[in-house]
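Student: Let's go through some of the labels people put on side chains. Could you show me how each one is earned?

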Amino acid sequence: MADQEEFPGGEALARLMLELARAGHKDAAVDAAIQARPDMDRAGAQNLLESVVGSQGGSSGSQGDGDGDGGGPAGEGGHEAGSDGANEAQDEGADQEGEGGGPRQGNAQSTKPPPSGGGAQPGEGPEQLAANYMAVAETLSMTPPSPTGPNWRSLGPWTIPNGQTYGSGSGARINVSGRVSSVAVDPGNANHLLVGAAHGGIWESYNRGQSWIPRTDHAATLTTGAIAFHPAAPATVLAGTGEGDWWSGFGTGILRSTDGGSTWASLCTAPFVGQGFYDLEFDRATPTRLYAATTGGLFVSTDSGATWTRRRTVRTWSVAVAPSGAEALAACQDGLFRSTDRGVTWNAVTLPSAPATYSRFAVALAPSDPTVAYAWGAGTTGYLARRAGGTWTSIGAPTGVNIGQAWYDWFLAVAPDNAGQVYCGAISAHRGDLSGTTWTWTDIASKPSPGQSIHPDQHAIAFEPGQPQVVYIGNDGGLYRSPDRGVTWQHLNNGLEITEFEYLGQDLGSSRWLIGGTQDNGTERWTGSPTWLHSQDGDGGDCGVNRTDPRTVFHSFYNMGVERSTSRGDWGSWAWLPPPVPSGEQSLFYPPFEASATNGNTVAQAGQALYVSRDNCTNWTRLAYPTAGTASAMYIPTADQVYVGTTDGLLYVTRWNGTAWGTLTALTTPRANAWVSDIHVDPTDTNRIWVTHTTRNGGRVWRSTDGGSNWVDRTAALPNLPLNAIEVHPGNRDRVWVAADLGVYQSVDGGASWQIFSNGLPNAFVGDLLYHRHARVLRAGLRNRGVWEIPVDGWMTQPVCGVQWTGTVEANSTRRFFTWGWPATWHVLWTVMPTTIRPGAEEMTWKVQVERGDAEYVTYWISVTNLTPVPVAFEGRFAILSRY
């Protein structure tokens with residue numbers, strides 16, 4: 001979705017600038033804004049950056065009044081057994097929750113050290129940076145699913161019904177997945193499709209998109225910008241890595257498949273490392289000749305893609321090649337260029353009333369008549385021209401087109417059977433039909449009721465061979481198929497698990513409940529099914545769950561503001577309860593939000609000031625930073641303490657004194673001017689603090705054991721990549737996990753050393769981590785590859801059994817026992833076993849009843865009946881069948 005009014009260039013540009021800035025590339029973020037909006041000067045781009053990440057000189061203001069107390073701390077709950085009424089207490093049972101309780105599966109971990117690549121030196125260029133990312137990815141690619149030890153597995157989303165569009169009425173809702181950057185249909189088999197996901201790899205379908213298989217999860221990069229079948233031998237397919245629209249810096253060259261797309265290998269790296277692909281085209285007359293349009297220019301190969309020559313150095317978005325190969329057209333940032341010598345030389349084409357420069361440009365030849373061509377571009381306005389009879393004519397942009405995100409979402413195609421029918425993609429998709437000299441335009445993506453709509457932000461288009469009326473469109477919501485030129489639509493998002501998750505939240509009382517914010521697809525909820533619930537529209541930001549009462553959940557969009565649901569995030573249940581942010585006060589595009597990690601109703605959101613609530617967002621207190629800055633991370637270990645970190649490396653804490661929040665107090669800064677990405681504070685020992693940074697070329701994991709006065713660098717041999725999240729095992733504080741731009745890493749010695757912990761995890765960007773202490777699984781939110789989990793010690797392979805208590809029941813009587821503090825996520829079987837030997841007949845029966853003690857724990861009530869005329873002693877036995 002797009003909001004050009006607030007962010008010139010749209011929300012997509014704001015997110016791109018945020019991603020570049022958090023890794024320390026603010027100059028690149030400014031350059032990206034100028035690239036997306038040629039009408040913007042450098043000062044304007046700098047101002048836009050400040051609106052996205054906040055300025056270091058922003059207003060701090062004065063501290064507001066304290067709000068009311070939200071209630072006292074709630075206990076954690078222990079593990080003991082007892083009896084009710086006058087019966088005496090029984091012996092305490094096994095420590096079901098602790099590290100040492102019961103049989104263990106072992107400390108399963110990879111023995112492979114982390115890769116040493118990934119770093120970049122001061123002054124490095126995009127090629128060197130991408131090469132370092134590639135080195136890390138190649139090491140990670142050696143950790144596919146393992147037959148031994150724990151492996152990551154996907155939680156989906158397999159699909160998300162009720163997804164958002166810009167349509168209205170009965171046809172406005174449709175299933176979504178995530179951003180599709182490219183789509184190709186096998187010219188020899190219309191059932192066979194390949195899709196490139198932005199950072200989700202290549203996916204293959206043999207049934208016109210009814211089901212999908214990921215094909216490049218463990219390639220050196222999952223970023224994909226273009227896919228092209230060999231026109232005469234479609235078993236050969238090429239894919240350009242690095243998504244030109246967004247993830248261009250992760251490009252590692254061209255992949256090739258010789259089996260139609262099932263398996264892939266690198267064809268070439270140079271000269272494309274660090275570049276993103278927009279287009280890749282075969283010369284159908286001479287298929288050994290190929291054309292590549294990338295962020296680095298226009299390239300031509302004459303040896304089937306093994307080597308390449310750069311013919312133009314200007315960013316090139318689109319190439320069209322005549323069936324005879326005698327003409328090629330290229331849409332570049334500085335205009336339209338034409339070659340008539342098979343790509344050796346290129347000459348500018350003068351277009352009538354054309355912009356001087358473009359934020360996006362595309363060109364297409366009519367398959368049914370290659371003398372007809374179209375040029376579709378965005379300058380200060382939309383521009384469309386048509387060539388017929390050798391003459392170019394400006395024909396005006398589609399009616400109602402929105403070009404505010406043209407740099408990001410754009411395509412152009414001509415119907416295979418009609419040179420007078422053209423498809424123009426921008427935020428929406430428009431079909432133009434020429435009758436005589438009159439054009440009629442139809443918005444085929446965003447329709448009023450009862451028309452069928454598809455998700456906005458269009459990136460790719462393709463047609464079914466032999467069926468020109470069948471259109472495929474890829475966009476931020478996934479892939480869609482129309483059998484009738486855009487009149488009706490069918491989603492193809494079942495099993496296309498490419499959702500881009502930004503943040504995750506969990507309910508510790510359920511092993512099968514998550515909520516997550518996603519790029520352009522809103523906030524989603526998981527309750528155990530691979531089909532996730534679409535919980536709220538918009539761009540999904542940070543989110544959280546009240547641990548004491550997990551029916552109360554929170555989510556955010558972009559910029560400051562929070563919504564609350566008291567029914568676990570059901571659709572339509574959200575109430576808008578934003579903090580009172582003064583006009584002009586800024587924040588990150590996605591400001592951090594946190595709920596208390598242990599008790600109470602304390603939540604917080606932060607931008608250029610910290611806003612804290614002790615009553616689940618009903619009332620807010622504003623706290624100013626001692627030094628102006630912008631928050632980038634927070635943690636609330638208890639209801640009475642809030643920690644916040646900023647984009648320039650500063651750390652603060654505020655404490656509740658019983659009546660009001662104290663002034664924010666600065667901690668020692670572990671690394672100045674380094675973007676704080678995550679904070680973790682041990683709620684049982686708040687002197688023990690962990691901090692991570694996304695700013696590379698320095699320490700990125702720090703630990704303090706004295707409340708933030710002194711810090712130890714625990715980065716060790718981690719790859720020099722941005723680190724995005726940290727989780728600490730609550731039962732073993734030396735066991736730590738961090739998420740990097742690529743990969744998850746584990747330490748079992750408090751950060752002194754690290755090992756790769758990525759067995760089976762796709763080589764995608766890992767944005768967030770959660771550890772579920774009861775289910776003993778680590779969850780990861782991936783960009784364009786959904787949510788994954790791993791049992792950190794492996795799944796249980798046999799029940800964990802023990803004796804919880806012993807007791808005696810008098811003759812012919814019933815006695816009731818209880819045992820409390822058992823995690824609600826566990827599946828526990830209870831039995832009683834007489835220890836008094838009395839052969840000849842049954843001695844005892846029992847009945848088990850369950851009480852939900854609180855949000856996370858249950859109490860088991862066991863009524864034991866003695867069937868004999870004498871007292872009988874017994875053991876109360878448990879068998880934990882599963883913790884999940």
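Tutor: Sure, starting with Arg312: its charged end sits over the ring of Phe337, 3.5 Å from the centre. Keep in mind that this is a predicted model, where local features need pLDDT of at least 70, side-chain atom pairs count only at pLDDT 80 or more, and totals for chains, interfaces and linings use all residues. Residues are numbered from 1 along each chain as its sequence is written, and side-chain values use heavy atoms, with hydrogens and water left out.

Student: What makes Arg312 count as sitting over the ring of Phe337?

Tutor: The rule wants NZ of Lys or CZ of Arg within 6 Å of the ring centre and within 35 degrees of the ring normal. Arg312 is 3.5 Å from the centre, and it sits over the ring. Arg153 lies over the face of Tyr884 too, at 5.3 Å from the ring centre.

Student: Why are Phe554 and Phe593 called a tilted pair?

Tutor: Rings of Phe, Tyr and Trp (its six-membered ring) pair if their centres lie within 6.5 Å; planes under 30 degrees apart are stacked, over 60 edge-to-face, and the rest tilted. Here the centres are 5.5 Å apart with 45° between the planes, so the pair is tilted.

Student: What does that pair tie together?

Tutor: Phe554 lies in strand 38 and Phe593 in strand 41 (strands being DSSP E runs of at least two residues, numbered from the N terminus), so the pair links parts 39 residues apart in sequence.

Student: How do you know whether Phe554 is buried or exposed?

Tutor: Buried means under 20% relative accessible area, exposed over 50%, partly exposed in between (1.4 Å probe, protein chains only). Phe554 has 0%, so it's buried, and Phe593, at 1%, is buried as well.

Conventions: Helix = DSSP H or I, 4+ residues; strand = E, 2+ residues; numbered from the N terminus.
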